[in-house]
Every structure is written in structure tokens, then in C-alpha cells.
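Please open the model in your viewer and keep the selection panel at hand. The stops below go from the whole chain to single residues, and each one says what to select and what is found there.

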Amino acid sequence: MDTQNVVSDEELIDEYSEQSGSQGIKRKYDDLENNEEEEEGGSSQNSNYDNSSVVAKHYNQLQEKGLAERFNSKIFYLRNFNNWVKSMLISDYLEKIKDSIRFGSPLRVLDMCCGKGGDLLKWQKGNITYLICTDIASISIEQCRARYEKITNNDPPDRKSFHAEFFTADSTRDRLRERYSDPSIELNLVSCQFAFHYCFESPKQAEMMLKNVSECLRVGGYFIGTIPDAKDIIKRQRAAQTDSFGNDIFQIKFISDSNDLPIFGSKYNFGLDGVVDCPEFLVHFPSFVKLAKKFSLKLIEAVRFEDYFPKKIGRGRSLIEKMQAVERYGLNGNRNLTRSNEEEYKHAKDFLLQKGGYDNRKKCGTLSASEWEVASLYMIFAFQKVKGPIE
Ligand SMILES: C[S@@+](CC[C@H](N)C(=O)[O-])C[C@H]1O[C@@H](n2cnc3c(N)ncnc32)[C@H](O)[C@@H]1O
């Protein structure tokens, strides 16, 4: 971890220099029209519904952890940091939408692969009008609905902060529109957080997912999300020279042949400190962009978390503190750090020393090096629905 990946009390941190030399996926994407061929060569060995049911079962079984247990977890700050990134992304795009629609117009959102409703408060704070929540894991959907009831419980019945509907569906196989209470709904925003990569199992699934994104999205509306950066994963695999790598909080294990990765169906197993242990698929980003064009979705932003953080910290500083999305590190001794190994905070120590010599009062906000290794795997993306074909 770089000494710059910390947020100082006094000033904004610099932009990171672009990392160079990442290797791309071996097989290049040529023709998306050629779906059948891609399906044969590209989907994972055990296709059909295996992965979807494994994923649904995995997320259904995930227990909601209590506050104390969460606080003592090695990934407490990482989870909050990811949540901060989502908050910044969601609030940015809700602002853009509000700026572009008439004051008082309804603001409707699809939270695709919503999980247990981790973003419900963001939607409430964003003053949206209507929310559709859908996920493949039925237990998660029920927990999401219960959480919605709880957060809107005190609203006057005739003035709910926002209305919502919930249903279980596989966004890579089912046509969501047919399940909406109003199939003619016009959405302003589709959000798919930490989940779009599941559709890269096959071209057909990716197409269905994007059809679901685009079908009810208004022209001018946005599609936002967060995914692992496939280029970075491959770069790390090449550097590790093994198909299994990570640290003591995350592990990636390639299931597909890492020397012959297809565009779709490049499968690996992702493990995260007992929270996630699931098959995932690399998202070949150029193919994602190309396929999205077919659904009138134009790429407007794609930023790795490590670049997004310095870009947003100016506006997001107070929120990052409120959300406890970084850990306080000081030169004057630290009693309750998540990790006891000093090496985990070397970057923060170097940063503070660089900034002002050995001033014991100085503190900064940071993640442990191990947590940063995970956070820096991810990227945000944003597309806008446009009218007509995209060049
Ligand atoms: C890492 S969780 C993210 C949950 C939520 N978006 C968030 O950010 O808190 C990934 C979610 O994607 C859902 N998911 C995976 N594959 C899916 C599919 N094919 N259709 C719908 N949901 C899916 C999982 O059930 C899980 O809830």
C-alpha cells in the first residue's frame, strides 16, 4: 500500500499515478453477434444453473452479524470503506438526475442484486420516490423487505419517505420487467453493486442482465455499479505465478485455466474473511462496454477504487469519518488498531513522517495494508442511456 492511500486531517491527498503494465485477458473479444460460438467456448464447464444456485445458496446462508462481532472483524473498515464508495457513487448520480429532471418529478430506482438491503438508507437519504429491489437469494429479499419496513416504520402512512417493491429473480436469466408491479415504469437509475460480475458467466446471461438494466431506463438515466477489476486480478495472478493468491483476509483461486481465459465464463473462487466464499466471473471490460452499447448504454465513467478515493475524499471527508470507513492511525501510539502487526500500517506511518516529521499529535485515516489489497481490487462504473445507436 502506498503512503498516499491515507486521508490526512489537514489536506487532500494527491492522485495516484496510474499503475502500468497490466496484462489483458488472452482471448480478444471480436464479435458479440457470434453468441453461440462464445457460449460454447466461453461459458464455464458446469453451466446450466449450477453457479446461480451456488451463489443464491451462499448469500441466503450469510448471517447478519451483530455490531460487536462486526466491529471486531478484520474487515470492519473495509466493509465501511466499500459502503462509503457506494454512498459517494449513489449520491453523485442522484444529484445528476435531480439536476436534469423537473423539480418534484418522481425519482425511480432499480436496485438490482440488492442483497439484504445494504443501500436502503442511501435511497432514503437520496429522497427517491420509488424503489424496486430484486435479488436471486430469497432470504436476502425477505431481510431487505423487513429492513425497509423498519426504516420507514415511523413515516406517516400517507407520506412514506419512499415506496418499494421486492421480488426474487435471477437478473441474468429472468426478464425483470415482467415481474414489476407496473411493467411500463420509467426508471431514472439502475444500481448493481458488487454483483454485475455474476452475469459474465456467459454472453446470454450478460445480455439478459443488460436488457434488464436498459429496458425500463429512461433516456438520460444512469446505470451505476461496482465490480472487481479483471485486469487487476489477472495482473496479481501473473505476479503471484500461481492460480491461488491473496492474503489472510482474501483469497482468489482460479477455476478456469488462467493461461487460456475466455471472455465469458472465466471463473474463480473469491473468499473474504468468512463473509464471501463464492464462484465469480472476470468481467472483460471492453466486452462489457461493447455489449452495453447494444442496449443504448454509453460508458461515462470507469474508475478503480484506489483512484476514486482521492477523487472523492474532498467532498466525502465528513461522511468517511461518520461511516468509520477508515481507521485512525497516529504516531503517538495506537491502542485499538484492527491489526497488531506494525507492517500493516507502515504506509500510514511513512505518510505522517513525510508530512511533518515526528509530530506525535498527527493522525491520519487509513486501511490496513491487507484491507487495502482487497479494496483496490474493485472499480466503479457508470453508463448513461442514450437515444439511438452509439458510435
Ligand atoms: C456481494 S452481494 C451485494 C449485495 C448488495 N448489492 C450490496 O452492495 O450490499 C451480491 C449479491 O448479488 C446477488 N446475485 C448474484 N447473482 C445474482 C443473479 N444472477 N441475479 C440476482 N442477484 C444475484 C447475490 O444474491 C447477492 O445478494
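Begin with the ligand, keeping in mind that the model is a predicted one. Select helix H2, residues 50–61, which with four residues gives the most to the shell around the ligand. Then extend the selection to the whole shell, in which 19 residues surround the ligand, the closest being Cys-113, Gly-115, Gly-118, Gln-193 and Ala-195. If you colour this shell by residue class, it divides into ten nonpolar, seven polar and two charged residues.

Stay on helix H2 and pick Val-55, which is found in that helix. Is Val-55 buried or exposed? Val-55 has 21 other C-beta atoms within 10 Å, and because 20 or more is the threshold for burial, Val-55 counts as buried. Once residues up to four places away in sequence are set aside, Val-55 touches Ile-136, Tyr-198 and Cys-278. Add Pro-279 to the view and draw a distance between the two C-alpha atoms: Val-55 and Pro-279 are 224 residues apart along the chain, yet their C-alpha atoms are separated by 7.2 Å.

Now zoom out to the whole chain. The chain holds twelve helices and 14 strands, and buried residues make up 39% of its 391 residues. Among contacts between residues at least 6 apart in sequence, 77% join residues at least 24 apart.

Next, display the nonpolar interior. In soluble globular proteins, nonpolar side chains tend to be buried together. Here the largest nonpolar core has 84 residues, and those with the most contacts inside it are Phe-81, Leu-189 and Val-190. Helix H4, residues 76–100, supplies the largest share of this core, namely eleven residues. Colour domain 1 (7–17 + 311–372) and domain 2 (35–304 + 379–385) separately, and you can follow why the core lies between them: both domains give residues to it. A second, separate core of six residues can be selected as well, and it includes Tyr-329, Tyr-345, Phe-351 and Leu-352.

Return to helix H4 and centre on Phe-81. Which residues is Phe-81 in contact with, leaving aside its neighbours within four places in sequence? They are Ala-325, Val-326, Leu-367 and Ala-375.

Step back one residue to Asn-80, which also lies in helix H4. Asn-80 has 19 C-beta neighbours inside 10 Å and therefore counts as partly exposed. Apart from neighbours within four places in sequence, Asn-80 is in contact with Met-323, Gln-324 and Ala-325. A C-alpha to C-alpha distance is worth drawing here too, since Asn-80 and Val-326 are 246 residues apart in sequence and 7.7 Å apart in space.

The last stop is a pair taken from a database record: in an unreviewed entry, UniProt lists Asn-82 and Asn-83 under "binding site". Asn-82 has its place in helix H4, and so does Asn-83. Select Asn-82, which is buried, with 21 other C-beta atoms within 10 Å, and then Asn-83, which is partly exposed, with 19 such atoms within 10 Å. Finally, show the contacts of Asn-83 beyond its neighbours within four places in sequence, and you will find Met-323 and Ala-325.

Key. Residues are numbered from 1 along each chain as its sequence is written. This is a predicted model: local features need pLDDT of at least 70, side-chain atom pairs count only at pLDDT 80 or more; totals for chains, interfaces and linings use all residues. A nonpolar core is a set of buried Ala, Val, Leu, Ile, Met, Phe, Trp, Tyr and Cys residues joined through C-beta atoms within 7 Å. A residue is buried if 20 or more other C-beta atoms lie within 10 Å of its own, exposed if 12 or fewer, and partly exposed in between; C-beta atoms are placed from the backbone. Helices (H or I, at least four residues) and strands (E, at least two) are DSSP runs, numbered from the N terminus. Domain bounds come from an automatic or database domain assignment. Two residues are in contact if their C-beta atoms, placed from the backbone, lie within 7 Å. A residue is near a molecule or strand if its C-beta atom, placed from the backbone, lies within 6 Å of it. Ala, Val, Leu, Ile, Met, Phe, Trp, Tyr, Cys and Pro count as nonpolar, Asp, Glu, Lys and Arg as charged, and the others, Gly among them, as polar. UniProt positions are given in the numbering used here, feature names are shortened, and annotations may be inferred rather than shown by experiment.
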